[in-house]
Amino acid sequence: MAAAAGQRRWTPWAILAHDVAVAALVMWATLVVRYHFEGKPLPLDMAVKATLAFAAISAGVFLLSRQHLGLWRFTALNDLARIFRAVVVSVLLLLPVLFVINRAEDFPRSAPFVVIVMATLALSLGRGIA
């Protein structure tokens, strides 16, 4: 019984860690693929800064939106809407942060739109499978 209580206590933090890792992976993959199709070398410094900044911002937004407290096996449309809103807010907060860091130099202007779609799908996929 104590193991089950301990497991429930760690579950929300594991969900938050999963969501932040997925968001960071989506940002990284978006930048890599975007530069691959452009035919230019990936500016590694920009990609690392953008990915780390997005992960940090996403962690805060996901925590504040309390999406880590939902039960995956009972995911409903309102949970998916909460994920979409959290991703949009994270992307909108990322842009001024990147502007402060390095004036968003080399950051593809199409990346926010791709990240919104892909991160929402990726975060929803796990919940839909469960």
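**Helix packing in a predicted four-helix chain**

In this predicted model, the crossing of H3 and H4 is right-handed, the near helix being turned clockwise from the far one by less than a right angle. The axes of these two helices, H3 and H4, come within 9 Å and cross at roughly 145 degrees, where axes are lines fitted to C-alpha atoms over the stretch in contact and angles run from 0 to 180 degrees between N-to-C directions. By class, the contact of H3 with H4 has 12 nonpolar, 2 polar and 1 charged residues; Pro counts as nonpolar along with Ala, Val, Leu, Ile and Phe, Arg as charged, and Ser and Thr as polar. On the H3 side the residues include Leu80, Phe84 and Val87, which meet a set in H4 that includes Val115, Ala119 and Arg127 (contact: heavy atoms within 4.5 Å).

The secondary structure comes to 4 helices and 0 strands (DSSP runs, H or I of at least four residues for helices and E of at least two for strands). The largest nonpolar core has 31 residues, with Leu31, Phe62, Val87, Leu94 and Phe107 among those with the most contacts inside it; such a core joins buried nonpolar residues, from Ala to Cys, through side-chain atoms within 4.5 Å. Helices H1 (2-38), H2 (44-65), H3 (77-102) and H4 (111-129) each supply at least two residues of this core. Buried residues make up 37% of the 130 residues in the chain (buried: under 20% relative accessible area, 1.4 Å probe, protein chains only).

Residues are numbered from 1 along each chain as its sequence is written. Local features need pLDDT of at least 70, side-chain atom pairs count only at pLDDT 80 or more, and totals for chains, interfaces and linings use all residues, while side-chain values use heavy atoms, with hydrogens and water left out.

Methods:
Buried means under 20% relative accessible area, exposed over 50%, partly exposed in between (1.4 Å probe, protein chains only).
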